[in-house]
Amino acid sequence: MNDSPRFGKGVKLRRDPDGSTMLLVPEGALVLNGVAAVALELVDGTHSMAQIVEAVVDRFEVAPERAREDLQTLFGRLTQRGFLQ
Amino acid sequence: MTPRPLSILCELTYRCNLQCPYCYNPIALSEYRDELSTAQWRRVLLDASALGVVQAHFSGGEPTLRADLPELVETAAGAGLYTNLITQGTFLDDDALDELIGRGLDHVQISIQAPAAAAADRIAGTTVHEKKLQALRRVRERDVALTLNCVLHRQNHDAIGEVIALAERLRITRLELANVQFYGWAYRNRTALMPTLEQVRHAEAIVEAARERLRGRMEIVYVLPDYFGDFPKPCMNGWGSQFLTVTPNGDVLPCPAAAAIGDLRFENVRSRPLGVIWQSSEAFERFRGTAWMPEPCRSCDRRELDWGGCRCQAFLLTGDAAATDPACSLSPHHAIVTALREEASPAEPIPRRA
């Protein structure tokens, strides 16, 4: 995983008028929970993993350690599938 | 409450320069020559977006035969839809590709017929394999997602290992190997296309090993032939639940093969808005949910996993679209499928033609 992750080819975030967020990928759509939505909003190749963790800690009641672990798991899975690089 | 559709398949035209005998397009191709105009397709895309659709798939026939494809991609992308082009690739030169990507194309799927030119061109009925390889290389170098597709059937099944090797050489990151599904021309050619049990088992082992070896480098999507499984495919994840298809002339179908169901009448976007058709047309309402199900589906624990299987297959094989899909081992008609499996014949398939 890159320290400043960006989306793989053909992967994009979509915000619905009703406030929900989806990750659109080749032949699929993943509905994101609030934490994942906030984190992936910052995926643009410039924000570092540390900044993304910080943004999540600011927004949600979660310990920094826990947020870092959870986000690393999530981003690792998305990287494995080619959705992040 | 009517569910929210997520995905629309726009079959822009059934015209195609290839003659693949496994094509799922309807046999009666000439009934679809009166194609929707650009303005009508744009209206379809905007209406789909208003219904909540997030993905637009452009297919056919060969969708790049429509000169207005770039404009339609732009309309879809502008409405916030994810855009996917399903093509055989022979018209994707540098200019065409740059134009489509510039208008917002997100994903290209290019199909090959076999890993080597002689076999591939024989299946396609024309000389196209080399052009497809060029198109694959062109797409790969650009900022757009790429999937390589190969439909598997008895004529090319033994070459599955070579298809994966070709994908590796081309540095493909997403490979879709789908066993032929028997609708339209493929249904007509089913005895010539049906893989043997040995082929299916052999392929499973090869795919399993390749997935392990290529983990993190190539995603391999392998679609099992449902004639060889215990349970049927979940029909469109529920009929009228997530998907809709618009045919070249504007008919709105719950599934791309639904025209096969002889007694189902489809409404057309030329006479009613897409949203009304989705919400209340007879074709969408008939098999929505689970209330229409007969036994053994009605009381089955899997009824909201399989959704009774495929309505089109049920109709083609039993004459009753409301029957349990005979591909299900619990279907009272399952013997039809086991007999078809054994019916594999060495005959050559009939090429698709208009």
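Student: Where in chain A is confidence lowest, and where is it highest?
Tutor: This is a predicted model. In chain A, confidence is lowest in strand E3 (residues 28-31), at a mean of 92. It is highest in strand E2 (residues 21-25), at 95.

Student: What is the mean pLDDT of chain A?
Tutor: The mean is 92. Of the residues of chain A, 98% reach 70 or more.

Student: How many helices and strands does chain A have?
Tutor: Three helices and three strands. From the N terminus on, the elements of chain A run β-β-β-α-α-α.

Student: How does the radius of gyration of chain A sit against the globule rule?
Tutor: The radius of gyration of chain A is 12 Å, and the globule rule gives 12 Å for 85 residues. So chain A is as compact as a globular protein of that length.

Student: What box do the C-alpha atoms of chain A fill?
Tutor: Roughly 35 × 30 × 20 Å, along the principal axes.

Student: And what share of chain A counts as buried?
Tutor: Of its 85 residues, 25%.

Student: What about contacts in chain A between residues far along the sequence?
Tutor: Take contacts between residues at least 6 apart in sequence. Of these, 43% join residues at least 24 apart.

Student: Switching to the contact between the chains. How many residues does each chain put in?
Tutor: Chain B gives 15 residues and chain A gives 11 residues.

Student: What's on the chain B side, by residue class?
Tutor: On the side of chain B that touches chain A, five residues are nonpolar, six are polar and four are charged.

Student: Now the sheet in chain B. What is the strand order?
Tutor: The order is E7-E6-E5-E4-E3-E2-E1-E8-E9 in chain B. This is an open sheet of nine strands with mixed pairing.

Student: Which are the edge strands?
Tutor: Strand E7 (219-223) and strand E9 (252-253) of chain B. Each pairs on one side only.

Student: In which sense do E3 and E4 of chain B pair, parallel or antiparallel?
Tutor: Parallel, over four bridges. Strand E3 covers residues 82-87 and strand E4 covers residues 107-112. B:Ile86 has B:Gln109 in E4(B) as its bridge partner.

Student: Last topic. How many residues are in the largest nonpolar core?
Tutor: It has 112 residues. Those with the most contacts inside it are B:Val139, B:Ala186, B:Ala260 and B:Cys312. Strand E5 (residues 145-152) of chain B supplies the largest share of this core, six residues.

Student: What does B:Ala186 contact, leaving aside neighbours within four places in sequence?
Tutor: B:Ala186 is in contact with B:Tyr22, B:Cys23, B:Tyr24, B:Val180, B:Gln181 and B:Leu193.

Technical notes
Residues numbered from 1 in each chain as written. Chains lettered and ligands numbered in written order. Predicted model: local features only at pLDDT ≥ 70, side-chain atom pairs only at ≥ 80, totals over all residues. Contact = placed C-beta atoms within 7 Å. Nonpolar A, V, L, I, M, F, W, Y, C, P; charged D, E, K, R; others polar. pLDDT = per-residue confidence, 0-100. Helix = DSSP H or I, 4+ residues; strand = E, 2+ residues; numbered from the N terminus. Rg over C-alpha atoms; globule rule 2.2 N^0.38 Å. Buried ≥ 20, exposed ≤ 12 C-beta atoms within 10 Å, placed from the backbone. Core = buried A, V, L, I, M, F, W, Y, C linked by C-beta atoms within 7 Å. Pairing = 2+ DSSP bridges.
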